[in-house]
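Reader: I am new to this structure and should like to understand the reasons behind the words used for it. May I put my questions in turn?

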Amino acid sequence: MMQAQRLGSVRPSMILGLVQKARSLAAEGKPVIDLGIGEPDFTTPDHVKAAAIAAIGADETRYTVVPGTVALREAIRGKLARENGLDYALSEITVSNGAKQVIFNALMATLSPGDEVIVPAPYWSSYPDIVAVAEGRPVIVDCPQEQRFLITPEQLEAAITPRTRWLLLNSPSNPTGGVYSRADLAGLAAVLARHPHVHVLSDDIYEHLMFDGHRFASILEVAPALKPRVLVVNGVSKVFAMTGWRIGYAAGPQEIVTAMNTVQGQSCTHAGSISQAAAVAALTGPTDFFAGRARSFEARRDIVVAALNAVDGIECLVPEGAFYVYPRCAGVIGRRTPAGEVIGSDTDFCRYLLEQHFVSAVPGAAFGLSPHLRISTAAPAEALRSASARIAGAVNALT
Ligand code: PMP
């Protein structure tokens, strides 16, 4: 087989596999409600689309510099200063094809074989696999529902070794919607202060989707002294509903950003020039719709959480941000479907939900903490109500 050794421990994306299956059932005419994918159901703002069209008209269609156009990095610098109180030079900012490639570049640029990366579980499913592609070793730390799916300072302390390079932090979290409070972050920062070799990759992509009146806090806001070893990662996919445009960015220590640009310069060169122009419009344009979107996701969260908590066998914590709920489904494990199949895992449960009740959700196994399932709330309220009713029906049909 012509496959590189470094791909040995990389799993194909379970989520993309499920999406494929849901789509083929829908193509057969089945009434599928797809709550599998993490994608906002809004559309890209009109002024952003107009900026892209204008960029095409103005022939902004040539190669740009590797880290992203000066205009875009200026816009990112402005955003980080205005919204996060962070001050970065243009040379400390880099743009890539989505936050996913930003993270890929960062890990490819900094990991040597066997270097360790602390990944609190449940995690965004790509984290351990990107670490594996970069020949690092993901150190998975279980963070169950009882601790609101967040890593504790004690767990962090215990996971650090001389080989630790990074802690991957994601708040609000995909898949749980969990949010680190200022106090939580201060606790982690105190541990990090004792281990100056550990860096933090702060994935802030859901920062504007915060609920219940809470304000987003990044670890740098709480512990500015960590700035020489924090890489702030963000992007336009989620809050501007621009997933397909593929623009993400990072700001951080010069040495790391320069190394990331080296990786990028020998792979994709840069993100698309039209998408970069669109992202300038997004990051310098109106932001007054953020709050309305967050409220909309909050209302949909409430529908799903209430409906699922009424189902015997399912327990759902109330997420504080993002657009996912991550209910525990321990109560369905070991039960039998009407066809006589035993539900042995969350993967079995999600397969049953999709094949028999046409609701697509992702098993907790994809995010490193079972038995759970991730349900995306980025769907119309009516679809969420129907899906919740189908899940209740599916569970009630088990014996
Ligand atoms: N980080 C997290 C936590 C995510 O959920 C996602 C998207 N699912 C990304 C990064 C990547 O987003 P993109 O590549 O579209 O910017």
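Author: Please do; we may begin with one strand.

Reader: What makes strand β12 count as covered on both faces?

Author: Strand β12 comprises residues 373-376, a strand being a DSSP run of E of at least two residues, and a helix a run of H or I of at least four, each numbered from the N terminus. A residue is buried if 20 or more other C-beta atoms, placed from the backbone, lie within 10 Å of its own, exposed if 12 or fewer do, and partly exposed in between. Leu373 and Ile375 on one side of β12 are buried, and Arg374 and Ser376 on the other side are buried as well. Both faces of the strand are therefore covered in the sense of that cut-off.

Reader: On what kind of model do these statements rest?

Author: The model is predicted: local features need pLDDT of at least 70 and side-chain atom pairs count only at pLDDT 80 or more, whereas totals for chains, interfaces and linings use all residues. Residues are numbered from 1 along each chain as its sequence is written.

Reader: How do you know that β9 and β12 pair?

Author: Two strands pair if DSSP finds at least two bridges between them. Two bridges join β9 to β12, and these strands run antiparallel, so the requirement is met. Tyr324 has Ser376 in β12 as its bridge partner. Strand β11 (residues 362-363) is also joined to β12 by two bridges in the antiparallel sense, with Val362 opposite Arg374.

Reader: What lies in the loop between β11 and β12?

Author: Pro371 lies there, and a cis peptide bond with omega of about -10 degrees joins Ser370 to this proline. A cis peptide bond also joins Asn174 and Pro175, where omega is about 25 degrees; Pro175 is in the loop between β5 (164-170) and α7 (182-193). Such bonds are pointed out because most peptide bonds are trans.

Reader: Why is strand β3 called largely enclosed?

Author: Strand β3 covers residues 116-121, and five of its six residues are buried, so the rest of the structure largely encloses the strand. β3 pairs with β4 in the parallel sense over six bridges, and Ile118 stands opposite Val139 of β4.

Reader: What is the hand of the β-α-β crossover from β3 to β4?

Author: The path leads from β3 through α5 to β4, and the crossover is right-handed. The term applies if, with the strands pointing away from the viewer, the path from the first strand over the helix to the second runs clockwise. β3 is also joined to β5, in parallel, by three bridges; in β5, Trp166 is the bridge partner of Val117.

Reader: What makes Asp59 count as exposed?

Author: Asp59 has 8 other C-beta atoms within 10 Å, and the limit for an exposed residue is 12 or fewer, so the label applies. Asp59 is in the loop between α2 (46-57) and α3 (70-84), and its phi is near 60 degrees, a positive value in a residue other than glycine.

Reader: How many C-beta neighbours does Glu135 have, and how does Glu135 count?

Author: Glu135 has 17 C-beta neighbours inside 10 Å, a value between the two cut-offs, and so counts as partly exposed. This residue is in the loop between α5 (126-133) and β4 (137-142). Although Glu135 is not a glycine, its phi is positive, about 65 degrees. Most residues other than glycine have a negative phi.

Reader: Which domains does the protein chain contain?

Author: The chain is divided into domain 1 (5-43 + 289-396) and domain 2 (46-284), with bounds from an automatic or database domain assignment. Their C-alpha centres lie 26 Å apart.

Reader: How do you know that domain 1 and domain 2 are in contact?

Author: Two residues are in contact if their C-beta atoms, placed from the backbone, lie within 7 Å. By that criterion, 33 residues of domain 1 are in contact with 33 residues of domain 2. On the domain 1 side, α1 (14-27), α11 (289-309) and β9 (324-325) each supply at least two residues, and α11 gives the largest share, five residues.

Reader: What makes the protein chain as compact as a globular protein of its length?

Author: The chain has 13 helices and 12 strands. Its radius of gyration is 21 Å, close to the 21 Å of the globule rule for 399 residues, so the chain is as compact as a globular protein of that length. The radius is taken over C-alpha atoms, and the rule is 2.2 Å times the number of residues to the power 0.38. Along its principal axes the C-alpha trace spans about 60 × 55 × 50 Å, and 49% of the 399 residues count as buried.
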